[in-house]
Amino acid sequence: MEMHHLLIVSVFLSSLLYGDAGITSSFVRSEWPAVDIPLDHHVFNVPKGYNAPQQVRITQGDYDGKAVIVSWVTPDEPGSSKVHYGSVQGKYDFVAKGTYSNYTFYKYKSGYTHHCLLSGLEHDTKYYYKIESGESSREFWFVTPPAVHPDAAYKFGIIGDLGQTFNSLSTLEHYMQSGAQAVLFLGDLSYADRYKYNDVGVRWDTWARFVERSTAYQPWLWSAGNHEVDYMPYMGEVTPFKNYLERYTTPYLASKSSSPLWYSVRRASAHIIVLCSYSPFVKYTAQWHWLDEELKRVDREKTPWLIVLMHVPMYNSNEAHFMEGESMRAAFEEWFVEHKVDVIFAGHVHAYERSYRISNVRYNISSGDRYPVPDKSAPVYITVGDGGNQEGLAARFREPQPDYSAFREASYGHSTLDIKNRTHAIYHWNRNDDGKKVATDEFVLYNQYWGKNIRRRKLKKKHYIKSVVADLIAN
Ligand SMILES: *[C@@H]1O[C@H](CO)[C@@H](O)[C@H](O)[C@H]1NC(C)=O
Ligand SMILES: *[C@@H]1O[C@H](CO)[C@@H](O)[C@H](O)[C@H]1NC(C)=O
Ligand SMILES: *[C@@H]1O[C@H](CO)[C@@H](O)[C@H](O)[C@H]1NC(C)=O
Ligand SMILES: [Fe+2]
């Protein structure tokens, strides 16, 4: 066949395979400079009173959502580590006692970080809680999720690479208007490692006070990014994740994990698996073994929605961090396809991007199949690294846009996944509102196990056409 015809065939092919061409949105929203909010700004205010608990945050405390871990810092002395709680405001029937620790980072001396487990909670219930600290005690509330059930509706927020700039504040404020009930956090919290010496610890503290307005009232499920590593040999600090692991806790033992850096929880109708891009994950490592076992524990009859979180995206067409996710893709993509993961969220790249359902599992160094192809069993890959940190946006996408890339835009924002029942979830990327009516990315996500996915059936037909056309070319 002549080159000319080949070209036409391949253009025809790719439009068949992927339907609508991907969109690179040229929209550029106005933004604040990518600099951190000054230390004396009110978003970092220290609560009043001697030894008042600050940096209050909660996360899921068990496998199925009947426990919460409350964490906070007392600055002046250890204090009691006690939380009083109950389902009536001001009347606390229960009390739990946690533990505390303190540490140094270079010459910075941390406050006392407390972690306290509230367990045996009722599902779908509003709890009020008081962190005990004499006259300076503080009170908050949270709502437990519904019991694990295939049709339990639940709305998740998804935030990555947040940092502590005015863009971060805008993202957080917009997120808090979304009505979402828990945050899936994609790594890179404070960006404190952009500072030196004692300021590193100081900026970990400010970040936690900044996000308290949300983290004290709803669980944030943490995953770790490169800015959590804090490898700083010039000041003698070489223990990976030291600040992060002292301050942030996860219910990893409940999912039989051996490290707080990878774990999973079940919440309403979702099974959420959190991976760590910066811990060993190749074959025979602890994380690899654990994921192998955990995927077998997933029961789509109980939790139809299988969601994976990681920091480094496996599919990314931005110049920033291009192909950094290849090593994890080589290790895990086959499992994700085999287990029909619904969606994989990542951060790291400071922009937004969504893929079609594609896989590159046929590729190995000798196969010759070196292109991602439509694959109805594959997850949707979504990068939400656009929280708004001081490194700014990753505005340079690679051209041309790869066929597998459905939508990409370099603006700050967050996403929501509004699970309606076992078959339907409404996904929405929310660019930080700028008063202009411009389409953002929204679609119905059909469940990979239960859903009647019309698009999938279409793809099947296209696969067939692909092989016919491939035969044509070969002959
Ligand atoms: C923890 O705090 C105590 C004071 O309560 C102090 O004596 C100790 O040195 C601190 N430990 C570290 C590792 O900073
Ligand atoms: C690599 O691909 C070739 C050709 O598709 C296949 O025969 C072989 O089994 C693959 N190797 C592995 C290790 O998957
Ligand atoms: C699931 O939710 C979708 C969207 O709200 C709705 O159209 C559909 O009828 C629901 N299915 C069931 C079985 O309730
Ligand atoms: Fe990152």
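Helices (H or I, at least four residues) and strands (E, at least two) are DSSP runs, numbered from the N terminus. This is a predicted model, in which local features need pLDDT of at least 70 and side-chain atom pairs count only at pLDDT 80 or more, while totals for chains, interfaces and linings use all residues. Residues are numbered from 1 along each chain as its sequence is written, and chains are lettered from A and ligands numbered from 1 in the order in which they are written.

With the strand definition in hand, Lys-109 can be placed in strand E8, residues 108-109. Lys-109 is exposed because it has 11 other C-beta atoms within 10 Å, where a residue is called exposed if 12 or fewer other C-beta atoms lie within 10 Å of its own, buried if there are 20 or more, and partly exposed in between, with C-beta atoms placed from the backbone. Although Lys-109 and Val-202 are 93 residues apart along the chain, their C-alpha atoms are separated by 9.4 Å. Lys-109 also belongs to the surroundings of ligand 1, together with Asn-102, Tyr-103 and Thr-104; a residue is taken to be near a molecule or strand if its C-beta atom, placed from the backbone, lies within 6 Å of it. Sorted by class, the shell around ligand 1 holds 1 nonpolar, 2 polar and 1 charged residues, the scheme being that Ala, Val, Leu, Ile, Met, Phe, Trp, Tyr, Cys and Pro count as nonpolar, Asp, Glu, Lys and Arg as charged, and the others, Gly among them, as polar. Around ligand 3 stand Lys-420, Asn-421, Thr-423 and His-424, a shell with no nonpolar, 3 polar and 1 charged residues.

For the chain as a whole, 7 helices and 26 strands are assigned, and buried residues make up 46% of its 475 residues. Counting contacts (C-beta atoms, placed from the backbone, within 7 Å) between residues at least 6 apart in sequence, 73% join residues at least 24 apart.

The strands can be followed through their pairing, which requires that DSSP find at least two bridges between two strands. An open sheet of 8 strands has the order E1-E23-E19-E22-E18-E17-E16-E15, with mixed pairing. Because E1 and strand E15 (263-267) stand at its edges, each with a single partner strand, one side of each is left without a neighbour in the sheet. The partner of E1 can be seen in its parallel pairing with strand E23 (residues 405-409) over 2 bridges, in which Thr-24 has Arg-408 as its bridge partner in E23. The loop between strand E1 (23-24) and strand E2 (54-60) contains His-42, which counts as exposed because it has 6 C-beta neighbours inside 10 Å. The C-alpha atoms of His-42 and Phe-210 are separated by 9.0 Å, with their positions 168 residues apart along the chain.

Strand E2 leads into a second open sheet, in which 4 strands are arranged as E2-E3-E9-E6 with antiparallel pairing. Here E2 and strand E6 (99-101) are the edge strands, each with a single partner strand, so one side of each is left without a neighbour in the sheet. E6 pairs in the antiparallel sense with strand E9 (residues 112-118) over 3 bridges, and Ser-101 stands opposite Thr-113 in E9.

Strand E10 (residues 126-131) has two contrasting faces, a covered one formed by Tyr-127, Tyr-129 and Ile-131 and an uncovered one formed by Lys-126, Tyr-128 and Lys-130. E10 runs antiparallel to strand E4 (residues 82-86), to which 4 bridges join it, and Tyr-128 in E10 is the bridge partner of Gly-86. E10 also pairs in the antiparallel sense with strand E11 (residues 138-143) over 6 bridges, with Glu-139 in E11 as the bridge partner of Lys-130. E10 and E11 form a hairpin with 6 residues between them, and Gly-134 in the turn has a positive phi of about 55°.

In soluble globular proteins, nonpolar side chains tend to be buried together. In this model the largest nonpolar core (a set of buried Ala, Val, Leu, Ile, Met, Phe, Trp, Tyr and Cys residues joined through C-beta atoms within 7 Å) has 87 residues, and those with the most contacts inside it are Leu-184, Leu-309, Ile-344 and Phe-345. Helix H3 (residues 199-215) gives the most to this core, with 6 residues. Leaving aside residues up to four places away in sequence, Leu-184 touches Phe-156, Ile-158, Leu-221, Ile-272, Leu-309 and Phe-345. Apart from this core lies another, of 18 residues, among them Val-68, Trp-72, Val-83 and Tyr-129.

Methods
Two residues are in contact if their C-beta atoms, placed from the backbone, lie within 7 Å.
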